[in-house]
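Subject: Handing over the structure

Hello,

Here is the structure I promised to pass on to you. Have a look at it, and then read on for what turned up.

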Amino acid sequence: MQTGSPVTASQHLGAALRNLRRSRGLAQRDLLRPLHLGSHSAIVDFEAGRRIPPNAVIAAYERFFELPDGTLRKLRERALAERAAAEAPIGLGSARLTGPTEPAGPTRPGPKEPVTPRQLPAMPESFIGRVAELAQLDRLLRDRETSTPVVISAVSGMGGIGKTALAVHWAHQARDNFRDGELYIDMQGYHPSGRPVTPEAAMGQFLTALGVETGRVPVVLAEQTGLFRTLMADRQMLVLLDNVRDVEQVRPLLPGSPSCRVLITSRSRLAGLAVREGAQRIALDTFDLRDAVRLLRRTIGARASEHPGATAALASLCGLHPLALRIAAERVVGADAAVSEAVAALSQASDRLASLAVPDDDSAAIRKVFTWSYLGLGEPERRLFRLLGLHDGPDIALRPCAALAGLGEVECASQVSELVDAHLVDASEDGRYRLHDLLRLFAGERLIEEEPTASRTEAAFRIAAWYLASACAARAALDRNLPPLEAVPADLPVPPMPFDSESAALAWCDTERANLTATALSASERGFHEIAWRLPTALFPYFDRRRNYGDWIATHRAAIEAAHLAGDREAEGKVTCNLGNAFRPMRRFAEAAAHYERALELFREVGWTQGTAKALGNLASTHSEAGDFERGAKVGLAALAVFRELDDKYGEALTLANLGGAQSSMGRQDQAMETLNQALAAFSAVGDRRGVARVQNGLGVVHTRSGRPDEGVPILLEATRTFEEVGDSHEQAIALADLAETYQALGQTQEARRCASQSAEIFASIGEDWLVAKLRNQLPDLMR
């Protein structure tokens, strides 16, 4: 802070907190327990006035130091008001639009309306019992002294015991206590595919729900977690993490704010959370007989009440297990049968089912009920249920379900409706279907036992081919500069998804990303090599836009192997090059370069000249971004020669832009100016606005480095506005940093500081902290 600068309200609050601590002779670490904080770095920021403590932390300060209620809260409210005023929309130079010599600065967007996510699943129907557990959850909510996670787990590790139902039921009852909303995700810890949701994927969904633009979600998990905890710091929210497999899957998703509550369901005890985070556990067992009978009576109705003995016997035959009870009750209702008939049928089924063994299922009663309900279906519905065991994604929409079964949409809708009525498939309000993990395992068993191998293979191929055809259509809508990609020939009973706009394709990919990733990986495992390399290739423009690096890398690694096994060297080179494109923005330059060089070998081997040019261009950019500008320029010139030989205008434009940037960084400004002007003409010819803006940014920098900053300002302003309009936050922040440097060269310090501040703010919001640090090093006078 500069001498003589006025003390802000945040600094005044920080000084008060520091004085309180010192008055007791305490170190900052001594306050971690009473304030319920995990790191003393937060206290450092609070006392320095860099962060405003959440309301719950202020209340904890007042309790610990025995202050009158509201003493510190008033200071916090002033700090919040001051911050809100500072964040109001500012027009940089809006009063200076009187002449062309003083162009307006970029307008900083005002703060967005706070996002209040409400992600809880629907309230469970016919929720019964669990009175003691609900009361325990209520006590933990009321306890202001704790914000530790609560783990709802099964006593025996059994699935279907009602963990999710309890958590969702309580969350709906308590939602008024969480004014800022709820976050929910199914972590698929026990999905039969063995591919649970990664912390990175879950965190990406949470950040998007909290209002972070997809393009601004950080790449590295640690940076995602930091941004998540920052956004959650002042919020009063519930985070429900469902079906968690282990501690490592969930620990990065804990918000760390005392004003939030975390509810976790798992078949595991997650003992590590109890040790480090102090998590409290609520263990669930099967129902007692009274609650089991209540559930049957509520679902079946009068027939159950009129025959209490048979109803109790049915409950016992179901092992008092909630999922088994619900399925049995639905079977009785659907068959319009007496309860005694169900008891007799289940008793007779016992011996026939003894040989079956479901992994991770220690209740014979559950399998009896599953099979009894399954055998009550017609053969078409049984076949559809079996085939659903082939689908490795978390859920499925009607059209891919029809492709899987080889049915028309109307016929498929009728059959899946029967499965929903039998409680074997769950339906959501948005028209998607899912199986409980235990039922998915059971479906897989029935598939192997009853469905011929050829039929299984055909069904798996149909759904994979349908996803590929839809992804190829999405690719064409997302990037018209990419060459079209052919789907594999397939006799599909339903057409692939059509897309009339880029936004429609993007929305479909967002919804289906988990299924697309699962399909790509399973296609590789099943030996569908053509689909296994084409599907990730079709998804390349989506991955490049959304930066879902985990899925990008996993699918492309599998695709490389599939293309190799298929003997398609050109395809192997394409996928290898695309995988390099994933590593480069992650700043894993050595891995990116290695993949581009391998792609070059493959392209030269098969004689694909255009592929050679693309790999050379990507390799040139990698060298330049890694700081080796001489090597980047040399490789770039080689790429440029090939693109011009091919008359590839788009490739030529990209290469010229990158080459001009490298030349400027080497101090060859006149040469860079000439190269960039050629790039500008090329991008304009192909109609690429982002490309034009990138080149404009480069030209503005060249003017500044050449001693003509006054000529650089209007060009940089236009580039900044274009990046904002097309939603490219990363490039917008770079342009703002360059604009700040240009204003500084002109002696316009106020404008320079504003641009530098905006640039740092955007970089921080997308998790690129290394660029914030770089900005501070390059422009120290502007970043005080």
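Leaving aside its neighbours within four places in sequence, which residues is Asn243 in contact with? Please keep in mind as you look that this is a predicted model. The partners of Asn243 are Thr164, Asp186, Met187, Gln188, Gly189, Gln249 and Thr265. Asn243 itself sits in strand β3, which covers residues 238–244. Its relative accessible area is 17%, so Asn243 is buried.

Next, the aromatic rings. The model holds 17 aromatic pairs. One of them joins Phe64 and Phe65: the ring centres are 5.0 Å apart and the planes stand at 85 degrees, so this pair is edge-to-face. The two residues differ in exposure, because Phe64 has 30% relative accessibility and counts as partly exposed, while Phe65 has 6% and counts as buried.

Trp466 and Trp508 make another edge-to-face pair, with 6.4 Å from centre to centre and 70 degrees between the planes. Trp466 belongs to helix α22 (residues 453–478) and Trp508 to helix α23 (residues 502–525), so the pair ties together parts that are 42 residues apart in sequence. Trp466 is buried at 1% relative accessibility, and Trp508 is buried too, at 9%. Elsewhere, ring pairs link Phe540, Tyr542, Phe543, Tyr549 and Trp552 into a cluster.

Now to the helices, beginning with α29 (residues 609–625) and α30 (residues 629–646). Their axes are 8 Å apart and they pack at an angle of about 160 degrees. That angle is over 145 degrees, which makes α29 roughly antiparallel to α30. The crossing of α29 past α30 is left-handed. On the α29 side the contact includes Ala613, Leu616, Leu619 and Ala620, and on the α30 side the residues include Val635, Ala639, Val642 and Phe643. By class, this contact of α29 with α30 has 11 nonpolar, 7 polar and 2 charged residues.

Further along, helix α33 deserves a look with both of its partners. The first partner to look at is helix α34 (residues 709–726): the axes of α33 and α34 come within 8 Å and cross at roughly 155 degrees. The two are therefore roughly antiparallel to each other, and their crossing is left-handed. Among the residues that make this contact are Arg689, Ala693, Leu699 and His703 of α33, together with Ile715, Leu716, Ala719 and Phe723 of α34. The contact of α33 with α34 divides into 9 nonpolar, 7 polar and 6 charged residues.

The other partner is helix α35 (residues 729–745). The axes of α33 (residues 689–705) and α35 come within 10 Å and cross at roughly 20 degrees. With that angle, α33 and α35 are therefore roughly parallel to each other. Here too α33 passes its partner, α35, in a left-handed crossing. Arg694, Asn697, Val701 and Thr704 in α33 meet a set of α35 residues: Glu731, Ile734, Ala735, Asp738, Thr742 and Ala745. The classes in the contact of α33 with α35 are 4 nonpolar, 3 polar and 3 charged residues.

If you would like a place to start, try helix α33, which is roughly antiparallel to α34 and roughly parallel to α35.

Best wishes

Key:
Residues are numbered from 1 along each chain as its sequence is written. This is a predicted model: local features need pLDDT of at least 70, side-chain atom pairs count only at pLDDT 80 or more; totals for chains, interfaces and linings use all residues. Side-chain values use heavy atoms; hydrogens and water are left out. Axes are lines fitted to C-alpha atoms, for helices over the stretch in contact, and angles run from 0 to 180 degrees between N-to-C directions. Helices (H or I, at least four residues) and strands (E, at least two) are DSSP runs, numbered from the N terminus. Angles under 35 degrees count as roughly parallel, over 145 as roughly antiparallel, 65 to 115 as roughly perpendicular and the rest as oblique. A crossing is left-handed if the near helix is turned anticlockwise from the far one by less than a right angle, and right-handed if clockwise. Contact means heavy atoms within 4.5 Å. Ala, Val, Leu, Ile, Met, Phe, Trp, Tyr, Cys and Pro count as nonpolar, Asp, Glu, Lys and Arg as charged, and the others, Gly among them, as polar. Rings of Phe, Tyr and Trp (its six-membered ring) pair if their centres lie within 6.5 Å; planes under 30 degrees apart count as stacked, over 60 as edge-to-face and the rest as tilted. Buried means under 20% relative accessible area, exposed over 50%, partly exposed in between (1.4 Å probe, protein chains only).
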